Amino acid sequence: MKKSLCLSSILVTSLALAACSNNNSSAADRDNTSNPLNQAPEQPKEDRISDTRIKLTFNDKEVLVRMYDNPASKDFLAQLPLTITFEDYMGKEKISILQKRLSIDDVQAEDLSQKGDFAYYTPWGNVAIFHKGIEDATNDLIMLGQIESGKENFENVDGDFTVTIEKVTK
């Protein structure tokens with residue numbers, strides 16, 4: 001009887017350990033199968049930032065923007081240097097229509113902009129610099145970069161103004 005009880009407890013313990021190890025491997029298998037194409041998950045905006053910066057110069061002021069690593073940003077960088085005219089739009093952003101539209105293939109549009117975003121509005125083909133938060137959502141913005149310094153310089157500019165945009169070299 002004792003022998004049978006001992007064997008039963010060993011058997012139950014072995015089964016419990018086997019079940020635990022199977023659950024762990026199935027969890028790993030589930031993690032691998034949840035992404036059937038084995039693609040990397042979409043990165044947060046902060047992780048998509050590159051080492052490339054641009055400088056916007058106007059009215060003896062400078063604004064530095066760190067560009068994101070996406071095809072639209074790369075297409076914008078290929079057009080530099082640029083001299084374009086910005087105008088105020090709704091008191092929340094400065095906009096300028098580009099001569100040549102940017103490539104938006106394989107770029108995920110975003111819904112909301114934040115203060116300091118440098119973006120491309122696909123329906124109009126314009127770049128936008130957001131100097132105030134935007135409550136209205138649009139799904140047509142492609143984020144090109146984020147202002148690192150000089151955000152306040154845009155808030156105090158009235159009317160149209162000319163901006164020279166160039167890539168910052170190290």
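**A note on asparagine 70 and its surroundings**

1. A good place to begin is asparagine 70, which sits in the loop that links strand E2 (61-68) to helix H2 (71-78). Please keep in mind that this is a predicted model.

2. Is asparagine 70 buried or exposed? Its relative accessible area is 12%, and because the cut-off for buried is under 20%, asparagine 70 counts as buried.

3. Now for its polar partners, which you may like to inspect in the viewer. At the start of H2, the backbone nitrogen of alanine 72 has a side-chain oxygen of asparagine 70 within 3.1 Å. The side chain of asparagine 70 also places a polar atom 2.7 Å from the backbone nitrogen of serine 73.

4. Which residues does asparagine 70 touch once its neighbours within four places in sequence are set aside? They are Val107 and Met143.

5. Helix H2 itself has several buried residues: Ala72, Ser73, Asp75, Phe76 and Leu77. Two of these, Ala72 and Ser73, have already come up as partners of asparagine 70, through their backbone nitrogens.

6. Stepping back to the fold, the protein chain holds 3 helices and 8 strands. Along the sequence they run α-β-β-α-β-β-β-β-β-α-β. Of the contacts between residues at least 6 apart in sequence, 66% connect residues at least 24 apart.

7. Lastly, burial and surface for the whole chain. Of its 170 residues, 35% are buried. The accessible surface is about 10800 Å², and carbon and sulfur atoms account for 50% of that area.

Definitions and conventions: Residues numbered from 1 in each chain as written. Predicted model: local features only at pLDDT ≥ 70, side-chain atom pairs only at ≥ 80, totals over all residues. Heavy atoms only, no water. Helix = DSSP H or I, 4+ residues; strand = E, 2+ residues; numbered from the N terminus. Buried < 20%, exposed > 50% of the residue type's maximum accessible area, 1.4 Å probe, protein only. Contact = heavy atoms within 4.5 Å. Areas by Shrake-Rupley, 256 points an atom, 1.4 Å probe, with all protein chains shown as cover. Polar contact = N/O pair within 3.5 Å; in protein donor to acceptor, adjacent residues only side chain to side chain.
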